[in-house]
Amino acid sequence: MLEATGIKPVITDNKACLVLYSGGLDSILACRVIQEQGVRVTAVQFITPFFGGSLKGREGNHVRAVFEKYGITLEVVDISDEYLKMLKKPPHGYGKYMNPCIDCKILMIRNAVRLLNRFGASFIATGEVLGQRPMSQRRDALGVIERDSGANGLLVRPLSALHFSATDAERAGLIDRRRLLSIAGRGRKEQIALAERYGIEGYPAPAGGCVLADPIISRRLKRLFRLYPAMDAGDCVLARVGRHFILPDNSWLVVGRNQRENTRILSMWRENDRVLELDGGPGPSVLWRYVSKPLEAMNLAAGILCRYARLKEEPGRVRFSGFKSEEDVIIETMSVGQEIVEEYRI
Ligand code: SF4
């Protein structure tokens with residue numbers, strides 16, 4: 001598998017480590033346990049269309065905040081395109097929904113392996129805990145992740161290390177195995193006690209869940225991938241905001257649910273998208289993408305907007321704008337009924 005990744009890492013005697021950082025307690029603890037041994041730690045946080053995206057554009061502030069709060073030196077690395085490619089066809093398959101947990105971990109660790117030289121590091125650590133997650137933290141899955149990421153022998157899991165054989169970093173004396181831990185299972189008690197011992201405070205509660213394991217978003221993504229095989233990271237980010245509809249010409253309509261989403265949706269406009277807004281009144285912002293037959297689907301798109309602008313008896317004037325070669329167009333239409341919403345909503 002090393003050949004397949006094009007990477008041939010070898011252990012060096014640099015007392016430096018890259019730690020995969022998610023912002024959660026386990027990754028903070030992994031950094032701490034390694035730092036405690038006098039090893040220089042650089043934490044790496046990956047951005048994909050499905051996690052870490054909120055850091056985009058404010059990476060500097062985030063890096064400073066993590067250092068001030070936890071004393072951890074952080075690098076933020078965007079792997080969106082590579083992630084999306086993997087997500088469309090994960091070699092180890094999906095979990096219950098669109099979560100490709102094993103390949104997700106493989107991809108992140110493989111990227112960390114590629115970064116070893118850049119940061120002068122000689123091994124990688126993660127906050128993974130044996131048996132904590134059903135899909136990606138079983139013993140066999142952890143073995144597959146190590147092998148297929150090209151990190152064989154270089155991957156230390158400091159929180160669970162004593163459940164595994166010694167890694168090259170331990171054998172080379174870069175870290176002392178006796179000071180690594182044997183946490184396993186789903187409980188959090190040991191991690192919380194460890195956090196107290198290290199004086200780590202204000203760490204986030206365990207995350208509510210990955211968007212790729214969300215049944216509604218997963219179903220939507222599946223449909224969108226089928227319709228638009230070339231969809232990109234920007235499309236995936238858009239798929240997470242607002243209400244979504246596929247119209248008869250296979251175009252994609254996204255309707256903001258509140259002011260924050262309206263602003264977000266408009267910020268994602270790009271060439272060839274149309275923007276729909278109620279002319280002269282309050283209503284949601286709507287982005288219309290991959291439009292192939294605008295004249296056929298316009299009335300329906302405007303009717304959907306009117307429904308969410310809560311127009312009932314009276315018609316709404318909907319402005320279509322934003323398309324480079326067209327003048328703004330205004331059409332007047334009635335709100336669609338619930339059955340139409342259900343027919344086209346994804
Ligand atoms: S839950 Fe989401 S972020 Fe975590 S490993 Fe699975 S796909 Fe990746």
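**Exercise 1. Which strands does helix α12 lie across, and at about what angle does it run to β11?**

Before solving this, note that the model is predicted, so that local features need pLDDT of at least 70 and side-chain atom pairs count only at pLDDT 80 or more, while totals for chains, interfaces and linings use all residues. Residues are numbered from 1 along each chain as its sequence is written, and side-chain values use heavy atoms, with hydrogens and water left out.

Step one is to fix the terms: helices (H or I, at least four residues) and strands (E, at least two) are DSSP runs numbered from the N terminus, and contact means heavy atoms within 4.5 Å. Axes are lines fitted to C-alpha atoms, for helices over the stretch in contact, with angles from 0 to 180 degrees between N-to-C directions.

Step two is to locate the helix: α12 covers residues 294-308 and lies across β6, β7, β8 (274-278), β9, β10 (316-321) and β11. Its direction is at about 65° to β11.

**Exercise 2. Work out the order of the strands in the open sheet of six strands, and say which are the edge strands.**

Start from the pairing rule, by which two strands pair if DSSP finds at least two bridges between them. Following the antiparallel pairing across the open sheet gives the order β6-β7-β9-β8-β10-β11. The edges are then β6 (243-246) and β11 (329-333), each of which pairs on one side only. From one strand to the next, the twist averages 25°.

**Exercise 3. Trace the neighbours of strand β7, and decide where its side chains point.**

On one side, β6 and β7 run antiparallel and are joined by four bridges, with Ile246 having Trp252 of β7 as its bridge partner. These two strands form a hairpin with five residues between them, and Asn250 in the turn has a positive phi of about 65°.

Next, strand β7 (residues 252-255) is joined by four bridges to strand β9 (residues 286-289), again in an antiparallel arrangement. Here Trp252 is the bridge partner of Arg289, while Val254 is matched with Leu287 in β9.

Finally, Trp252 and Val254 point one way from β7, whereas Leu253 and Val255 point the other way, and all are buried. For this term, buried means under 20% relative accessible area, exposed over 50%, and partly exposed in between, with a 1.4 Å probe and protein chains only.

**Exercise 4. How many aromatic pairs are there, and how is the pair of Phe50 and Tyr83 arranged?**

The rule to apply is that rings of Phe, Tyr and Trp (its six-membered ring) pair if their centres lie within 6.5 Å; planes under 30 degrees apart count as stacked, over 60 as edge-to-face and the rest as tilted. By this rule the count is seven aromatic pairs.

For Phe50 and Tyr83, the ring centres are 6.0 Å apart and the planes stand at 50°, so the pair is tilted. Because Phe50 lies in the loop between β2 (40-47) and α3 (59-70), and Tyr83 in helix α4 (residues 80-88), the pair ties together parts that are 33 residues apart in sequence. Phe50 counts as buried at 3% relative accessibility, and Tyr83 likewise counts as buried, at 0%.

A second pair returns to β7: Trp252 and Tyr290 are stacked, at 6.5 Å centre to centre with 15° between the planes. Trp252 is in strand β7 and Tyr290 in the loop between β9 and α12, so this pair links parts of the chain 38 residues apart. Trp252 is buried, with a relative accessible area of 0%, but Tyr290 is partly exposed, at 31%.

**Exercise 5. How many disulfides does the structure hold, and why does Cys17 not form one with Cys31?**

A disulfide is a covalent bond between the sulfur atoms of two cysteines. The test used here is a pair of cysteine sulfur atoms within 2.5 Å, and the structure holds zero disulfides. The closest cysteine sulfur to that of Cys17 is in Cys31, at 8.0 Å, which is too far for a bond. As for their surroundings, Cys17 counts as buried at 1% relative accessibility, whereas Cys210 counts as partly exposed at 36%.
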